[in-house]
Amino acid sequence: ADAPVLRVAYAGSMGVVMDQSLGPDFATSHHASYEGIGQGSFALARLLAAKQMQADVFVAITPSPMKVVQQAGLVEHAVPVASTRMVVIYSPGSRFAADFAAAARGEKNWYDVLRKPGLRLGRTDPAVDPQGANALLTLQLAARYYHQPELLQQVAGELQNPSQIFAEPSLMSRLEAGQIDAAIGYASAAHSHHLPTIDLPNEINLAQPAMQAAWYAKANLKLPDGKVLTAQPLVFYAAVLSNAKQPELGKDFISLLQSAEGQVMLRERGYDPPHGDAL
Amino acid sequence: MTTGVTATQRPRLPALAAALALLLLATPFAGLLLVTDWRHFAFARGDGGAVAISLGYSLVALIPIVALGTPLAWWLARHRSRRQWLVDALLLLALLTPPLAMGLLLAAMYGPYGPAGRLLERAGLLLTNSAPAFVLAQFYAALPYYVMAARTAFEGVPRELEQIALTLGYSPWRSFVHVSLPLARLGLAAAVALAWVRALGEFGAVLIVAYYPQGIPVKLWVNLQNIGLDAVYPLLWVFFLVALPLPLALGIAVRRRLP
Amino acid sequence: MTTGVTATQRPRLPALAAALALLLLATPFAGLLLVTDWRHFAFARGDGGAVAISLGYSLVALIPIVALGTPLAWWLARHRSRRQWLVDALLLLALLTPPLAMGLLLAAMYGPYGPAGRLLERAGLLLTNSAPAFVLAQFYAALPYYVMAARTAFEGVPRELEQIALTLGYSPWRSFVHVSLPLARLGLAAAVALAWVRALGEFGAVLIVAYYPQGIPVKLWVNLQNIGLDAVYPLLWVFFLVALPLPLALGIAVRRRLP
Amino acid sequence: MRIDYQIERPVTLHACFDVEGFTVLLGASGEGKSLLLSAIAGLVPARGEPFGGLPPQSRAVGYLPQGHALFPHLRAWENVAFALRGSRRRELAMQWLERVGMSALAERWPNALSGGQQQRVALARALARRPHLLLLDEPTSALDPITRDDVLAELIAEVHEATIPALAVSHDPALAAVADRLVLMHDRRIVQVGTAAEVHAQPASGAVARLLGLRNVQRGQIVGTPGEQRLLWPQASATLPVSTALPHGAAVDWHIAPAAVTVHEATSAPAGSLSATLELRQTSAQGSYLGMRCGQARLWVELPPGDALPAAPMLSLPPHAIRCWPVAAQENPTP
Amino acid sequence: MRIDYQIERPVTLHACFDVEGFTVLLGASGEGKSLLLSAIAGLVPARGEPFGGLPPQSRAVGYLPQGHALFPHLRAWENVAFALRGSRRRELAMQWLERVGMSALAERWPNALSGGQQQRVALARALARRPHLLLLDEPTSALDPITRDDVLAELIAEVHEATIPALAVSHDPALAAVADRLVLMHDRRIVQVGTAAEVHAQPASGAVARLLGLRNVQRGQIVGTPGEQRLLWPQASATLPVSTALPHGAAVDWHIAPAAVTVHEATSAPAGSLSATLELRQTSAQGSYLGMRCGQARLWVELPPGDALPAAPMLSLPPHAIRCWPVAAQENPTP
Ligand SMILES: Nc1ncnc2c1ncn2[C@@H]1O[C@H](COP(=O)(O)OP(=O)(O)OP(=O)(O)O)[C@@H](O)[C@H]1O
Ligand SMILES: Nc1ncnc2c1ncn2[C@@H]1O[C@H](COP(=O)(O)OP(=O)(O)OP(=O)(O)O)[C@@H](O)[C@H]1O
Ligand SMILES: [Mg+2]
Ligand SMILES: [Mg+2]
């Protein structure tokens, strides 16, 4: 208990890699104890900004949550540490599993499967969860990419279609339990939950900052409440918080994330290498 | 009736403890007073809808809770059988299950591919992200509390009075309505108040089972992520404002009518 | 004592309703039986620690809950004052606040930047992600339930018997211990059971105030996020297994000793 | 109406007798009287007639339980009106309260009534139902003599006018005195039934005599054969001349009326008189009794009006005034 | 011990009298007797001596409330031992239970006891504390005559041996008869105090006479001046010769003992006799009373032993046997 405690607030989907690989590894090498707090990136950002929560390191997906913390003056500098991409995740127990498997092998169009009548698609709330916003943007880009102008509307319905939107834990557990057939989400999350996926082309998977201007910037949607969704590369950024209790350990932890050793662990857990610049 | 005399001799320590308990209870709400930004008090889009949904569906949920919970509480209070501990355990299980886990279990049973959900869906009742799903989660969140409290209330009714009502020609049912219910009314009012606040305040199970329609607890969570704490506190105030009158009035009404 | 005779005449509808209530209560747990993967029943890393933390700290939390809640419940049951509705309202507020919001308020007051938190921190008591913070969240989650239930229990104790104890030379305190407490024991046992399950099962407030030390509800959440449902169900079973005995034994013991 | 009930729990009890008009059941404390009433009302499992097997709500009884058991959430008149229906409920209830002298307090809650007032409301409630059988558990135990007599007059008028048989449990001699019929219970059995006059004229046993409130019921033993019998009175270490048909050695309960004992000055006392000392004096509306100590025993004596107690009193008990009942071997006082 | 209590709520009541030995308080139902006892025990706000201003737990009283109020969670002996401390608790409690004849049921829960058994346990509990003042609210109301006499004997022995003054509220003539002192309450005041013999010899008013259980207390009015006074008895539409010192027109309560009324055959009745019809007959341990109807009124008559009632009875009321009390204008029966 005398060991210094490093607290890492991280985007909830990173639980496995943080709590089972990086955290324990860091704890042993630095004779510190590690405490990871995994919740939605925006929830964490708001709580940190309001000083309702205290942590040393914040790891978030997409730049927006990090900007919330930056505006609160808690972060000066955030570095990219990993990235992921949008994929179609499906439930192996779904009655459409065979169709999805075929699509994964390239024998069918994934968007045709998603359009099958009776298929239950899940996604998270685009208003509060970047993953949900990105699901819509992916569909929008796909519509353009595959020349299927009605695709977004056909697959997702309304932008905040009540029958598709679930809270993040609900979405993943329903997929696992076979309560919904498919979702559009992060490859890393699917990897943690051992769910089969269908890879999407780079043009629509939001993984490549290089394609930001050329492709991703073409996607934008306006939610009924006026909020505008724009595509942001799916990069995980990490930063030491200015009110950290253990700033040194925090820096070391970010170094670990960036190190070759850390990158190996991230890759093993289904993450892609970081892209793009620091914030 | 306070016996004036004893009041002066009341031991200090318990009074202090009670005062401390009150103080501690009040602290978070004093905090809320402080942290609310009264000058920029404003509501987020959809807050009004959340209030309506929470109040409306909680009232709806109270109906099956009271209708099914009361007979069960009565039965538990009046019958002692060998296997009663099983029912006790079931009640406690339901009380114990963390809301999140309850939500997962409800999704597993009543979800579209769940054993109960499939049947109900064929009957046209979709128990995911729908009004019935919302009520279902509230029902499960509040029922065990209601049953526990109502059972204690019924256990306090002297059996002799119920029997006297029978000897006066009342059927067990009328005796229940005219004797047991009024005599248990203090505890039953508390039970209804408890069910009401549980149903209204339920977050975990509702989050899993019915992200939509969005009641106040889920809306608080959405506001937090979407806008930040400034959008949480105003909604919380409104929540208190609209949720309190019913149980408060219930308690006052029932206590006033005490002979 | 059932009067044999009436049993046969019991009206159908209420019995059906009670049975339906039981059935509905049992459904999610039947579901749990079905969805648990018994062949690959395994625990996640840290599950054992979560069990120990939940049980240990819940027991600790029970101490202030009972110590402060009992006098308050007693006072509420025995004194009627004009301003009592304020206390009622405060209790209801505490019951009503969604756990998540309660967590936010607690963080606002007792967090490192909160008014109470700053003072306490200077006194060396850190109320964020610490054992005291965990107990604090449980205390707030369970206290109002305990007070509500204990108050109803005390309201059921005939004042006359307390007064008789006084005339027999008992001080109000001893009369409380030897008459009021034993006579209210059914309701108090229910109140303690309620407090126990509330404290153990609390998720929302704990999630904000004390993600660490990690008790079972938060661990369920972490398991769900990190591993998935397969890691949730085994922990839930263990949770039930370790959490049930106390309230169950309490209820049975208290009922058995009924004359 | 014939009552025939057999109870197994919590105590075994069998009672079979007729209820006619106002019938009073006498029995010692703990004998099972209340148990019997609640069994007839259907509140305790039992076999018997009338109402055998019916649930309580189908038994047309008016039951006044020993503890009154008023409904605390209903006002006095609402308690009385509980079993009444229709628009005249209140009016009828007020009439009943009037008859028991409680109409002025009709709006009170039960907890604002005195013990006797509660008892009267409970009685009115039992009567208001116009039952086929009234079961009254000590209906006047909390009432002073005046109120009791008023209430009793109304009760008996109702019983006779409406010809509702009433079974009342009581220890009150005033109630027993107005009964059409007395039923005596001892050792969990009915031991005697009859009008008050019959039972007082011929109590069936010493236990009955005691239950009737007779003073001077004592234990003794018959010595000698008829003709030259004497009664051994161990408590007073004395023997008295008697004449009975009982055999030698029979254990008996015996009784002599206080007025039948004659008091003599020591000098002029007849042979066989017992010496006694004055222990206490009791004065009541019925006259004055002297409690005289004879050895270990107390004998009550009623002096003729105007007579004074001599300085050294000797008591003589005329043999013809002594009544003896054999005591059955298994007969024990109930706990 | 002097009792002087002033109560304001729920009813106004002032009582001032001495308690000596076994004192019995008589009063009509609802008079305020229970209220007075609980005020002395400190359970109702009141001013007065002794114990004035002390909290209930500091008042060394042994209080038996009207409803027994046993602790349902304690066995019979535990109830008795409630106020006892030390290792001999159980032993002492058992001794007390023995004295009230309840030792065999010491292990029972209160709800498994009959009414009278509960009453005896509650009495033992009040006594066991060895208080400085016993407050007994109808201590024998649920007891049959035998049990009552046994319990009373123990109670009085204890009161006298330990010299604990006891104040008992009762309607029971048997209790009043053994009292060292009677206190009579009427219209929320103490109206007479004295030994049983004194009070019976000279009841202070018609209300007292009624409380004592005297039969034939009637309302009337004095007509004419002393010397040639007559008593107007409106209920019987009759006037009777009397001799009192009361002025013409005075409203009175009057009384005649049932044994003092003489019965005549119509043919041989003295002038001024009242014609009457037999309404009912009461038989009790104290003898047989005839309830005779005279107009609207009922007059109780006790025939000399052996006499039979004539076919057309005429009643004569000897003037010297009639006792009259003036009725105060404001005097009303309490509700
Ligand atoms: N639950 C029980 N277990 C054992 N014995 C019981 C129980 N309940 C009652 N009894 C016994 O049954 C007997 C009859 O009780 P009951 O109340 O009928 O007496 P009672 O004749 O009405 O006496 P009282 O005149 O004192 O009211 C009593 O001796 C009592 O102790
Ligand atoms: N809360 C109250 N409000 C108004 N009047 C009350 C209240 N409580 C008691 N009383 C009245 O006070 C009077 C005295 O009551 P108390 O119980 O002392 O009578 P009591 O003399 O013991 O009569 P009983 O012989 O019938 O037991 C009664 O007339 C009763 O109606
Ligand atoms: Mg009885
Ligand atoms: Mg009284």
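This passage describes how the chains of a predicted model meet, and how one of them, chain D, is built from two domains.

Chain D and chain E are related by a simple rotation. A turn of 180 degrees, with 0.1 Å of shift along its axis, superposes chain D on chain E. The RMSD of that superposition is 0.1 Å. This is the relation of a two-fold axis. In chain D, the C-alpha of D:Ser141 is the nearest to the axis, at 2.8 Å. Both copies use the same surface, since 100% of the contact residues of chain D recur in chain E.

The interface of chain D and chain E draws 37 residues from chain D and 37 residues from chain E. About 3,200 Å² is buried between the two chains. Carbon and sulfur atoms account for 59% of that area. On the side of chain D, D:Ser29, D:His171 and D:Thr283 lose the most area to chain E. Together these three residues give 17% of what that side buries.

Charge pairing was examined next. Side chains of opposite charge can pair when their charged atoms come close. Across the interface of chain D and chain E, however, 0 salt bridges are found. Polar contacts are present there: 8 residue pairs, both at pLDDT 80 or more, are counted between chain D and chain E. Several elements of chain D give two or more residues to the side that touches chain E. The helices are helix 4 (115–128), helix 5 (145–161), helix 6 (173–178), helix 7 and helix 8. Strand 16 (277–284) of chain D also belongs to this set. By class, the side of chain D that touches chain E has 15 nonpolar, 17 polar and 5 charged residues.

Within chain D, the assignment gives domain 1 (2–211) and domain 2 (217–331). The C-alpha centres of these two domains of chain D lie 37 Å apart. Their contact takes 12 residues from domain 1 of chain D and 7 residues from domain 2 of chain D. The area buried between domain 1 and domain 2 of chain D is about 670 Å². Carbon and sulfur atoms give 47% of it. In domain 1 of chain D, the residues that lose the most area to domain 2 are D:Pro203, D:Gly206 and D:Arg210. Together they make up 49% of what that side buries.

One of these residues, D:Arg210, also takes part in a salt bridge. Its partner is D:Asp253, and the closest N and O atoms are 3.3 Å apart. Across the interface of domain 1 and domain 2 of chain D, 1 salt bridge is found. The count of residue pairs in polar contact between these domains of chain D is 3, with both residues at pLDDT 80 or more. Helix 7 (196–201) and helix 8 (206–211) of chain D each supply at least two residues of the side of domain 1 that touches domain 2. Helix 8 of chain D provides the largest share of that side, 4 residues. By class, this side of domain 1 of chain D holds 5 nonpolar, 5 polar and 2 charged residues.

D:Asp253 has a further salt-bridge partner in D:Arg219, at 2.7 Å from N to O. This pair links distant parts of the chain. D:Asp253 sits in strand 13 (residues 251–255) of chain D, and D:Arg219 in strand 10 (residues 217–223) of chain D. The two residues are 34 residues apart. Over all chains, the count comes to 49 salt bridges.

Other chain pairs complete the picture. There are 8 pairs of chains that touch, and the most contacts among them are between chains B and C. A rotation of 180 degrees, with 0.0 Å of shift along its axis, superposes chain C on chain B with an RMSD of 0.1 Å. Of the residues of chain C, C:Gly156 comes closest to the rotation axis, its C-alpha lying at 3.1 Å. Of the interface residues of chain C, 98% are also interface residues in chain B, so the copies meet through the same surface. Chain A and chain D do not touch, and their nearest C-alpha atoms are 49 Å apart. Chain A and chain E do not touch either, with nearest C-alpha atoms 49 Å apart.

Definitions and conventions. Residues are numbered from 1 along each chain as its sequence is written. Chains are lettered from A and ligands numbered from 1 in the order in which they are written. This is a predicted model: local features need pLDDT of at least 70, side-chain atom pairs count only at pLDDT 80 or more; totals for chains, interfaces and linings use all residues. Side-chain values use heavy atoms; hydrogens and water are left out. Copies are superposed by least squares on the C-alpha atoms of residues with pLDDT of at least 70 in both. Contact means heavy atoms within 4.5 Å. Domain bounds come from an automatic or database domain assignment. Buried area is the accessible area (1.4 Å probe) that two parts lose on being put together, summed over both. A salt bridge is a side-chain nitrogen of Lys or Arg within 4 Å of a carboxyl oxygen of Asp or Glu. A polar contact is a pair of N or O atoms within 3.5 Å; within protein, one must be able to donate a hydrogen and the other to accept it, and residues adjacent in sequence count only if both atoms are side-chain atoms. Ala, Val, Leu, Ile, Met, Phe, Trp, Tyr, Cys and Pro count as nonpolar, Asp, Glu, Lys and Arg as charged, and the others, Gly among them, as polar.
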